[in-house]
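Hello,

Here is the structure I promised to pass on to you. Have a look at it first, and then read on for what turned up.

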Amino acid sequence: MKDMTEVTPVYLDNNATTRVWPEVVEAMLPYFSEQFGNASSIHAFGAEVGGALRQARRSLQELIGAEFDHEIIFTSGGTESNNTAIRSALQVQPGRNEVITSAVEHPAILSLVDWLEKHEDVVVHRIGVDKLGRLDIDAYREKLSDKTAVVSFMWANNETGTIFPVDGLAELAHQHGALFHCDAVQAVGKVPIDVKSTDIDMMSMSSHKLHGPKGLGALYLKKGTRFRPLQRGGHQERGRRGGTENAPAIVGLGKAAEMARASMAEDIKRMTALRDKLETGLVASVGHCFVTGDPLDRLPNTSTIAFEYIEGEAILLKLNQAGIAASSGSACTSGSLEPSHVLRAMDIPFTAAHGAIRFSLSRETTEEEIDRVLAVVPEIIAGLRVMSPFWSADGASPENFDPAYA
Ligand SMILES: Cc1ncc(COP(=O)(O)O)c(C=O)c1O
């Protein structure tokens, strides 16, 4: 196996973050130098920057199909957008103290609701999913009531790519007078979104997942939705998020949104074909592995494959040595390997959840890169299985697997 320094790296961790497109960098550069004005200033320096921010807002508006540009509030990222939306929904409805979300949300929702439950007297319902990561809609219906302040479901799961039917879920929330928030961080720029034709009240986005700069996000706030800012200060963002705007980053996000929109149909086709090639190839050549998530409704770029009887961290290290960047479904904390909360909620056995690897593609991923992964992964897996205490020479030995080890 080649050392990483000898080969061109293959980046398949685009759900963690994406490369900032060169056109995006180019669009941003003037806003670090000659266009340095404060968009709130009335002189020419400010006015020019203000015009660029309006253009960027329109580009993002068009990408998600928002009806009005003032429905976009720029924030510092997906995490801030999620915090803003959930806290606002609770504050504007003091008679309602319940939140409904799913067990497979990103920590940017789950750790917030854990906090609210522990410290702020909020009742939280975490709705489960089936083995394919699909939401238990009956359980959701049961938890809805006139105490529900807000329902928050993600558009697409960051680990498996499974897509939730958010429009229908939002309609149900409204039948009970609750607000509906959607964490669409992994969906925006990857799949078509037209918020104006949905019942979504608030939707979180993040620039760095769509080839824009890091540290910038946005919250879609449907016109007429009651709102309380998280961050108070100046009159920026119509008083809904105080603080001088990060003009270079906003311009960059605007450019990234424009580019994503222009090539989305083509990108979806290409990424789906490459993702399918990767999955079919690995399942056929490796054995004792399977693709997680909903086979019918899944992001075109995301593939989490569970390799049984070995550990994801070991696979990742070997992949890294071979110049391939991916990520694992488990988090290595103080020596114990905990399978991801998403795979656990899907009831994926420990033997498989431990060995889950997420490959996330981008529109830059090439067929040659996928061929390289297909060439090296079987060798890596075979090598690790030989050393695994849970694997015997004549094949898999699940009975050897000791859950206490987890
Ligand atoms: C589904 C989801 N929500 C929220 C976030 C957080 O976004 P940000 O990094 O912009 O704070 C992420 C990032 O991985 C994500 O995947």
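D130 counts as partly exposed, at 26% relative accessibility. In this predicted model, D130 is joined by a salt bridge to R134, and the closest N and O atoms of the two are 2.8 Å apart. R134 is partly exposed as well, with a relative accessible area of 38%.

That pair is part of a longer list, as the count comes to 18 salt bridges. Another one of them links the side chains of D114 and R126, at 2.9 Å from N to O. Here D114 belongs to helix α4 (residues 107-119) and R126 to strand β4 (residues 123-127), so the bridge ties together parts that lie 12 residues apart in sequence. Is D114 buried, exposed or partly exposed? With a relative accessible area of 31%, D114 is partly exposed, and R126, at 34%, is partly exposed too.

If you look along helix α8 (residues 247-286), you will find K269 and E266 three residues apart, about one turn of the helix. These two form a salt bridge, with 3.9 Å between the closest N and O atoms. K269 counts as exposed at 60% relative accessibility, whereas E266 is partly exposed with a relative accessible area of 44%. Salt bridges can also share partners, and in that way D114, E117 and R126 are joined into one network.

Helix α8 is also the place of V286. V286 is buried, because its relative accessible area is 16% and anything under 20% counts as buried. Its C-alpha atom is separated by 7.9 Å from that of V377, although the two residues are 91 apart along the chain.

Now for the rings. How many aromatic pairs does the structure hold? There are four. One is made by F36 and F45, a tilted pair with 5.4 Å from centre to centre and 40° between the planes. F36 counts as exposed, at 56% relative accessibility, while F45 is partly exposed, with a relative accessible area of 45%.

Y140 and F153 make an edge-to-face pair, with their centres 4.9 Å apart and 85° between the planes. Y140 sits in helix α5 (residues 137-143) and F153 in strand β5 (residues 148-154), so this pair ties together parts that are 13 residues apart in sequence. Both Y140 and F153 are buried. They also belong to one aromatic cluster, which is formed by Y140, F153, F164 and F180.

Two rings have a charged side chain over them. The charged end of K223 sits over the ring of F68, at 4.7 Å from its centre. In the other case, R363 lies over the face of W21, 4.2 Å from the ring centre.

On the surface, V25, L29 and F32 form a nonpolar patch, with about 300 Å² of accessible area together. You will find F32 in the loop between α1 (22-28) and α2 (44-64). F32 is exposed: its relative accessible area is 56%, and the cut-off for exposed is over 50%.

Last, the strands. Which strands form the open sheet, and in what order? Four strands form it, in the order β9-β10-β15-β12, and their pairing is antiparallel. At the edges stand β9 (289-291) and β12 (327-328); each has a single partner strand, so one side of each is left without a neighbour in the sheet. For β12, two bridges join it to strand β15 (residues 356-360), and these two run antiparallel. If you would like a point to find by eye, S328 stands opposite I357 in β15.

Happy browsing, and do write back if you would like to go through any of this together.

Best wishes

Notes
Residues numbered from 1 in each chain as written. Predicted model: local features only at pLDDT ≥ 70, side-chain atom pairs only at ≥ 80, totals over all residues. Heavy atoms only, no water. Phe/Tyr/Trp six-rings, centres within 6.5 Å; stacked < 30°, edge-to-face > 60°. Buried < 20%, exposed > 50% of the residue type's maximum accessible area, 1.4 Å probe, protein only. Lys NZ or Arg CZ within 6 Å of the ring centre and 35° of its normal. Patch = residues over 30% accessible without salt bridge, like charges linked within 9 Å, V, L, I, M, F, W, Y side chains within 5 Å. Areas by Shrake-Rupley, 256 points an atom, 1.4 Å probe, with all protein chains shown as cover. Salt bridge = Lys/Arg side-chain N within 4 Å of Asp/Glu carboxyl O. Pairing = 2+ DSSP bridges.
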